[in-house]
Amino acid sequence: MRISEILREGALRSRIEALSFGMRSGRLSPVDVFRETRFKQGYSKNQGILVEPLGETSLAQARSSEKRYLNDEQFGLLDGIPFGVKDLIDVEGCTTSRGSLLYRNAPPAKRNAEAVERLGFQGMVFGGKTNLSELAFSGVGTNDLFGSPINPRATTGKYITGGSSSGSAAGVASGLWPVSLGTDTSGSSRIPAAFCGVVGFKPSFDRYPLRGVAPLAPSLDHLGINALTVQDCIILDQALRGLAPIPKFRMLSEQTEFLVPRNKSIQPRDPHIKDNFDKTLDLLSNLGFEIHEVDFSPYAEVDRLFEIHGSLVAHEAAQQYEALFENGLTSYIDPKILQRLKEGTLLNRKSYALLQKIRRNLRAELSSSIGNKILLQPTVKILPPAIESVLKGVEEFKAFNKLILGNTMYANYLGMPAIAIPNGHAPNGFSTSIQLSAASGKDDFLLKTALFLEAALSKQNIYTPDTVSH
């Protein structure tokens, strides 16, 4: 039986669980899954999703998994499941290009990143390296070196995927794998999730190990997850923490309260995003949950700070790559990315220290003020723009990038875990997305809430997760 037939049966909404069930029952094998993934990657080769497709190493991993299933010695739920890896994360034997000509010919990694290692311990199969914004330094997701990924959701035209984890989200939407690893410094897993109609999760800082992940802004960098469903995200979250994945279906308490920031800075510009967001609020209200609309002062303070002192990511990225300017290597960098780095070098180092000091105070205040409440807001303000319109010039790229990052960057600065999930349909095959965020350390509660909301949206026939049909 083909994988697509099993996934359409609907007995299990989690793609990981559906594939795992197929392998445990003998209707599939890990090598079948490998071949299906390789076939889909061949179809997607011109879509700009992959930097390096799966190969002999992946086939060997799939065959080892198949032997374990034949001997009834499989490692667990994730054994034989393929996953994508953003090309900012080390995979043994693969070059970590960072999406840049500067690193394209760097020596192959000598060992896996710790996160990749943890997934390997669960029997997962490496599914290929995914494309990204150069140096992971834009929310747009385009890449001049490897080709800009094309949004697989668009029924007509070529539109951006968002970034910087562009290929990770697009690969999940295309059905290459049920889950992929990305990173998230200002929204890099959540933005492409929103534009590609999948789930994107940024955890609390230090929830996942960062060894073997190329840094951009170390105090903001997180590993991120892209997945087709929240349940798939929860399963991978457990594995990344070194736990044996166990599906969770706990009910959400009706005492859960939601906060909706009404700050002007995060309001949607597209009417479909606004309409679907309002419908989601109505759904939760009709289910008996308390929803409080607020002028969220931490967001206002972040806006004020960044206007005066520059963004924290601009400071840290410039520090991270200052050797480019010192060693005359700027010609290797896309001018649009280079412009952002140059602007960071002009910022005052005293401002950086002040941003970090105020940040610590804001994070403490936020945790105590929101408690167990969940923040709800649109993940992005706009639907995906056309690639051509974003790449007209440096200034156009800069304007789109600022607009696209505008809603997600708060969670990184304020230390909040955040998850983006689709919450309705939009024209041209696109969907809209809602972001849920919580106080630092409340990841499990956040994921449980997102799981409930996803189920509620599906039950009301508002949105049900699915991949693009080829």
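Arg-15, Ile-16 and Glu-17 of helix α2 touch Gln-231, Asp-232 and Ile-235 of helix α8. That's one of two helix pairs picked out here, in what is a predicted model. The rest of this briefing goes through the helix contacts, the empty spaces, a salt bridge and a couple of backbone oddities.

**Helices that pack together**

- Helix α2 covers residues 15-24 and helix α8 covers residues 230-240; their axes come within 7 Å and cross at roughly 75 degrees.
- An angle from 65 to 115 degrees counts as roughly perpendicular, so that's how α2 and α8 sit relative to each other.
- Sorted by class, the α2 and α8 contact has three charged residues, two nonpolar and one polar.
- The other pair is helix α10 (residues 297-309) with helix α14 (residues 349-370), packed at an angle of about 180 degrees with axes 11 Å apart.
- Those two helices are therefore roughly antiparallel.
- On the α10 side, the contact uses Pro-298, Glu-301, Val-302, Leu-305, Phe-306 and His-309. On the α14 side, Ser-351, Leu-354, Leu-355, Ile-358, Leu-362 and Leu-366 take part.
- Here the class count is nine nonpolar residues, two polar and one charged.

**The largest pocket**

- Rolling a probe the size of a water molecule over the atoms shows where empty space is left.
- In this model, the largest pocket has a volume of about 920 Å³.
- It's lined by 30 residues, and the closest to its centre are Phe-306, Ser-311, Arg-340, Lys-402 and Met-409.
- Phe-306 turns up here again, having already appeared in the α10 contact with α14.
- Five elements, namely α10, α11 (312-320), α13 (335-345), α16 (394-405) and α17 (409-414), give two or more residues to the lining.
- Of these, α16 provides the largest share, with six residues.
- The lining mixes 13 nonpolar residues with nine polar and eight charged ones.

**Cavities**

- Searching the whole structure turns up six cavities of 30 Å³ or more.
- The second largest cavity has a volume of about 70 Å³.
- Its lining is made of Ala-136, Phe-137, Ser-138, Gly-139, Thr-185, Ser-186, Ser-188, Leu-216, Val-313, Arg-340 and Leu-405.
- Arg-340 is worth a second look: it lines this cavity, and it's also among the residues closest to the centre of the largest pocket.
- By class, the cavity lining has five nonpolar residues, five polar and one charged.

**Salt bridges**

- Side chains of opposite charge can pair when their charged atoms come close.
- There are 18 salt bridges in the whole structure.
- One of them joins the side chains of Glu-114 and Arg-211, at 3.9 Å from N to O.
- Glu-114 belongs to helix α5 (residues 114-121), while Arg-211 sits in the loop between β5 (199-202) and β6 (222-227), so this pair ties together parts that are 97 residues apart in sequence.

**Backbone oddities**

- Most residues other than glycine have a negative phi, and most peptide bonds are trans.
- Arg-98 isn't a glycine, yet it has a positive phi of about 55 degrees.
- You'll find Arg-98 in the loop between β2 (82-86) and α5.
- A cis peptide bond links Gly-163 to Ser-164, with omega at about 15 degrees.
- Ser-164 is located in the loop between β3 (125-130) and α6 (166-173).

Note on methods: Residues are numbered from 1 along each chain as its sequence is written. This is a predicted model: local features need pLDDT of at least 70, side-chain atom pairs count only at pLDDT 80 or more; totals for chains, interfaces and linings use all residues. Side-chain values use heavy atoms; hydrogens and water are left out. Axes are lines fitted to C-alpha atoms, for helices over the stretch in contact, and angles run from 0 to 180 degrees between N-to-C directions. Helices (H or I, at least four residues) and strands (E, at least two) are DSSP runs, numbered from the N terminus. Angles under 35 degrees count as roughly parallel, over 145 as roughly antiparallel, 65 to 115 as roughly perpendicular and the rest as oblique. Contact means heavy atoms within 4.5 Å. Ala, Val, Leu, Ile, Met, Phe, Trp, Tyr, Cys and Pro count as nonpolar, Asp, Glu, Lys and Arg as charged, and the others, Gly among them, as polar. On a 1 Å grid over the protein atoms alone, a cavity is a set of points where a 1.4 Å probe fits but cannot get out, and a pocket is an open set with protein on both sides within 12 Å along at least five of seven lines; lining residues have an atom within 4 Å of a point. Grid points are joined across faces, edges and corners, and a volume is the space filled by probe spheres set on the points. A salt bridge is a side-chain nitrogen of Lys or Arg within 4 Å of a carboxyl oxygen of Asp or Glu.
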